[in-house]
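Please read the text below alongside the model. It goes through the sheets, the salt bridges and a surface patch in turn.

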Amino acid sequence: MKPSRFSLVIAICAAALSLASCTPHPAATTATSTTPSIETGGSAKGDFGPPQGEPIHALLTSPPNVPPPTHRNHPAKVIVELEVIEKEMPISEGVTYTFWTFGGTVPGSFIRVRQGDTVEFHLKNSPNNKMPHNIDLHGVTGPGGGAASSFTAPGHESQFTFKALNQGLYVYHCATAPVGMHIGNGMYGLILIESPEGLSAVDHEYYVMQGDFYTTGKYREKGHQPFDMEKAIDERPTYVLFNGRDGALTGDQALTAKTNETVRMFVGNGGPNLISSFHVIGEIFDRVQQEGGTHPQENVQTTLIPAGGAVTVQFHTEVPGSYVLVDHSIFRAFNKGALAILKVDGPEDKSIYSGKEIDSAYLGDRAEPNLAAVTAAANAHAAGTLTKEDQIKAGQQLFTGTCSVCHQTNGQGLSGVFPPLAKSDLIAADPKRPVSIVLHGLSGKIKVNGADYDSVMPPMNQLNDDEVANIVTYVLNSWDNPGGRISKEDVAKARAAKPAATAPAEH
């Protein structure tokens with residue numbers, strides 16, 4: 001049902017009033033016959049005269065891709081055409097949500113122009129949409145960042161023009177009342193206004209944007225989940241995500257690079273509520289431009305990005321591996337979805353990072369009593385008298401020192417993080433599968449005892465065949481599992497076999 005003309009007028013007024021505080025204001029300039037002009041910073045330097053040459057239609061890209069550099073030495077007229085699309089999409093595995101988008105993606109299309117450009121902006125509201133929308137670009141000098149001129153009903157198109165006076169990386173978002181709901185449904189993105197000289201050349205540029213989402217159902221609760229206004233007002237997000245979906249930048253969608261390359265990330269925070277503590281585990285940012293501004297900071301570990309803010313980070317890759325992007329408010333990463341992967345391929349450099357060199361038990365004064373059963377089992381195996389009971393006793397001691405931190409001494413695991421080993425349907429389905437998991441690790445989505453898990457278990461290659469056999473035998477004979485026995489020969493065979501790449505989806 002389309003809003004009435006009266007309701008549209010009221011909404012326009014409300015949006016204009018509510019966004020007044022979001023409008024960028026250049027510093028005041030005074031000029032009299034006796035007082036010289038005061039320098040006002042970037043905007044005073046950003047008017048390079050009228051556009052030159054033929055108009056250019058901006059190339060817009062979907063995340064995590066970034067348009068190519070402008071490579072121009074003059075200002076141009078740049079035409080930007082952006083469509084608002086309301087669409088149902090997955091927010092997590094088996095969970096859908098009705099997103100409101102700029103360009104059909106969350107975040108919206110990446111816009112790249114040059115300082116001094118004259119931008120003719122066309123905002124289109126799909127006739128299939130139900131709501132009016134507009135756009136506030138933080139890189140616009142003018143009322144509401146363009147919001148006051150771009151209020152657009154479904155099936156309509158609005159146009160306004162602005163000059164890109166200030167270089168930098170800026171957020172844009174919808175500013176139609178209720179503003180928080182429009183942003184909370186995914187209506188945000190980034191616009192880069194390049195300096196006249198452009199940015200330094202890098203091997204990769206990526207577009208990543210964090211947002212917090214508020215659904216009536218719990219995290220990963222299946223089915224279609226509507227927006228929850230009460231949670232949004234109370235700032236209690238169900239999801240905190242990079243690029244609008246749980247796992248959007250993991251697995252086959254992970255960002256990629258090779259060793260000895262330079263990576264630049266344009267990182268925004270759409271909010272609507274939370275501040276992001278952006279961090280890449282295993283990397284240090286060589287260069288950070290807070291707020292996407294002009295003056296960089298160097299050698300930064302974690303950088304704050306306020307809601308409605310952005311940052312440009314740059315770093316060089318030295319050694320291969322999977323580098324995890326997180327909001328370092330860490331429960332958001334591992335329990336609400338704010339996690340992504342940069343997969344770096346290439347040769348090792350042991351002078352930079354050795355990998356694990358030693359993994360030995362450190363038990364102090366408890367070494368003898370704790371390892372007594374392990375020693376007894378080893379002696380029994382050498383004598384050819386090893387029993388299942390010997391293995392269970394040794395396996396219990398090894399499990400306590402190796403596995404119990406994640407899976408707990410009672411085998412119950414940690415809800416939503418590490419799956420249970422107790423009365424496990426995964427183990428019951430294939431009692432020898434735990435051998436392969438211990439040896440080769442396991443990652444990806446998995447269902448155990450009716451609950452979903454999406455975590456990573458690293459391969460435990462430091463364990464020898466006897467130790468793996470004893471641990472798995474202990475697990476098989478504990479906590480109502482099916483029983484049975486694993487031999488050293490079983491482990492040797494599994495060690496030589498090619499591991500499964502990922503976990504099965506269902507058990």
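The paragraphs that follow begin with strand pairing and then turn to side chains.

The model is predicted, and local features are described where pLDDT is at least 70. One open sheet has 4 strands in the order 4-9-8-6, and its pairing is mixed. Its edges are strand 4 (111-114) and strand 6 (136-137), each of which pairs on one side only. Inside this sheet, strand 8, residues 168-173, and strand 9, residues 188-194, are antiparallel to each other and share 6 bridges. To find the register, look at Tyr172: its bridge partner in strand 9 is Gly189.

Another open sheet is built from 6 strands, in the order 12-10-14-19-16-17, again with mixed pairing. Which strands stand at its edges? They are strand 12 (239-242) and strand 17 (297-300); each has a single partner strand, so one side of each has no neighbour in the sheet. From one strand to the next, the twist averages 25°. Within the order given, strand 10 and strand 14 (residues 262-271) run parallel and are joined by 8 bridges. Here Tyr206 can serve as a point of reference, since its bridge partner in strand 14 is Met265.

Side-chain contacts between charged residues come next. Over the whole structure, a search finds 17 salt bridges. One of them joins Lys124 and Glu81, with an N to O distance of 2.8 Å. This pair links distant parts of the chain, as Lys124 belongs to strand 5 (residues 118-125) and Glu81 to strand 2 (residues 77-92), 43 residues apart. Lys124 counts as partly exposed because its relative accessibility is 28%, a value that lies between the limits of 20% and 50%. Glu81 is also partly exposed, with a relative accessible area of 38%.

Asp454 takes part in a salt bridge with Arg220, where the N to O distance is 3.8 Å. Arg220 is in the loop between strand 10 (204-213) and strand 11 (223-224), while Asp454 is in strand 23 (residues 451-457), so the contact ties together parts that are 234 residues apart in sequence. The side chain of Asp454 also meets that of Lys445 in a salt bridge, at 3.6 Å from N to O. How accessible are the residues of this second pair? Asp454 has a relative accessible area of 33% and is therefore partly exposed; Lys445, with 37%, is partly exposed as well.

Salt bridges also form a network, which links Arg112, Glu194, Glu205 and Arg264. Two of these residues can be placed in the sheet of 4 strands: Arg112 falls within the range of strand 4 (111-114), and Glu194 is at the end of the range of strand 9 (residues 188-194). Glu205 falls within strand 10 (204-213), and Arg264 within strand 14 (residues 262-271). These last two strands are the parallel pair joined by 8 bridges.

The last feature is on the surface. Ile281, Ile330, Phe331 and Phe334 make a nonpolar patch of about 400 Å². Ile281 lies in strand 15 (residues 276-281). Its relative accessible area is 36%, so Ile281 is partly exposed. That value also meets the requirement for patch residues, which must have over 30% relative accessible area.

Technical notes
Residues are numbered from 1 along each chain as its sequence is written. This is a predicted model: local features need pLDDT of at least 70, side-chain atom pairs count only at pLDDT 80 or more; totals for chains, interfaces and linings use all residues. Side-chain values use heavy atoms; hydrogens and water are left out. Two strands pair if DSSP finds at least two bridges between them. Patches are made of residues with over 30% relative accessible area and no salt bridge: like charges are joined within 9 Å, nonpolar side chains (Val, Leu, Ile, Met, Phe, Trp, Tyr) within 5 Å. Accessible areas come from the Shrake-Rupley method with a 1.4 Å probe; for residues, only the protein chains shown count as cover. A salt bridge is a side-chain nitrogen of Lys or Arg within 4 Å of a carboxyl oxygen of Asp or Glu. Buried means under 20% relative accessible area, exposed over 50%, partly exposed in between (1.4 Å probe, protein chains only). Axes are lines fitted to C-alpha atoms, for helices over the stretch in contact, and angles run from 0 to 180 degrees between N-to-C directions.
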